[in-house]
Amino acid sequence: MEKKNRILFMIMAGGVGKRLRPYTYALPKPLLTANNISPLESCIKNIKKFYKSEKIYLAVCYKKKIFANWLKSKKIKNVQLLEEKNPLGTAGSVKKIIKKKFKNIVLINGDLFFKINFKNLVNFHNKKNCDVTVGITNNEIEIPYGVFSKKDNRFYFQEKPKVMNKINSGIYLFNKKFLKKFFLSRKNRNKNKFDIPELIKQVEKKNLGIFDIGKKWIDIGNIYDFKKASREIQNW
């Protein structure tokens, strides 16, 4: 693939993981294992299944030396560490590579287990000519109480209903032209810390794509979901 048309990947793995303590006192969240694999290794394997030779950047801050040792021990190719001296937010590291030659970049939260066809995501993004595409997934929540609702002046009771919502999956695809315009604007050119919602707020509705990544997705942001991952990913 020509450099000007290439896809880059960045895995955002700089967080402290406070909600997963005490586990994250020893290891950063993306390296915790469920069913003998970490979110980071699972993510890299998923990327390489579709884009074997494309560059993957790993943005790290908390316990960054552990990531370097992990990459060395696994002998994983085409993965480069982007070390943050201070936290740069969920999108700050992207500015550090904005001068590289690429067309689009996929940003992925480092604490996710998922299965996605990246080719389909990229094709959707290019076909729709999007500035940004946000990956979404279904999330079912059980309300732990009985719920009353009112319709046509009548009350209805439902015991512990389940509610299905479309949620942000933590997987995004950004067009470089949009990123350059954002990062190099007069407002942002001297700023280094950015979060993804800041970028998405600047996208015109017609240029924002929404892509359903499917059901195979777990964010291990808390201990409950970490244990859930150990039970579920073995069946994917």
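**Burial, salt bridges and helix faces**

Trainee: Why is lysine 29 called buried?

Mentor: The relative accessible area of lysine 29 is 13%. A residue is buried when this value is under 20%, exposed when it is over 50%, and partly exposed in between (1.4 Å probe, protein chains only). Lysine 29, at 13%, therefore counts as buried. The structure is a predicted model, in which local features need pLDDT of at least 70 and side-chain atom pairs count only at pLDDT 80 or more, while totals for chains, interfaces and linings use all residues. Residues are numbered from 1 along each chain as its sequence is written, and side-chain values use heavy atoms, with hydrogens and water left out.

Trainee: What makes the pair of aspartate 111 and lysine 29 a salt bridge?

Mentor: The term requires a side-chain nitrogen of Lys or Arg within 4 Å of a carboxyl oxygen of Asp or Glu. In this pair the closest N and O atoms are 2.9 Å apart, so the condition is met. The partners come from distant parts of the chain, 82 residues apart: aspartate 111 belongs to the loop between β4 (104–109) and β5 (112–114), and lysine 29 to the loop between α1 (23–26) and α2 (39–50). Helices (H or I, at least four residues) and strands (E, at least two) are DSSP runs, numbered from the N terminus. Aspartate 111 has 10% relative accessibility and is therefore buried as well.

Trainee: How do you know that glutamate 204 and lysine 206 form a salt bridge, and why is glutamate 204 called partly exposed?

Mentor: Their closest N and O atoms are 3.9 Å apart, which is within the limit, so the pair qualifies. Glutamate 204 stands at 47% relative accessibility, between the two cut-offs, and is therefore partly exposed. Lysine 206, at 66%, is over the upper cut-off and so counts as exposed. Elsewhere, salt bridges that share partners join Glu41, Lys45 and Lys74 into one network. One of its links is that of lysine 45 with glutamate 41, at 3.7 Å from N to O. Both residues lie in helix α2, 4 residues apart, about one turn of the helix.

Trainee: What makes the buried residues of helix α3 (residues 64–74) a single side?

Mentor: The buried residues are Phe67, Trp70 and Leu71. They cover an arc of only 95° around the axis, which puts them on the same side of α3; the arc is that of the directions from the helix axis to the C-beta atoms. On the other side, Lys65, Asn69, Lys72 and Ser73 are exposed. The cover over the buried residues includes α2, β2 (56–60) and β3 (79–83).

Trainee: How do you know which side of helix α6 (residues 176–183) is buried?

Mentor: Lys176, Phe178, Leu179, Phe182 and Phe183 are buried. Their arc is only 155°, so they share one side of α6. Lys177 and Lys181, on the other side, are exposed.

Trainee: How do you know where confidence in the chain is lowest?

Mentor: The guide is pLDDT, the predictor's confidence in each residue, from 0 to 100. The chain averages 88, and 94% of the residues score at least 70. Confidence is lowest in strand β7 (residues 146–151), at a mean of 72, and highest in β4, at 96. Where pLDDT is low, the predicted coordinates should not be read in detail.

Notes:
Contact means heavy atoms within 4.5 Å.
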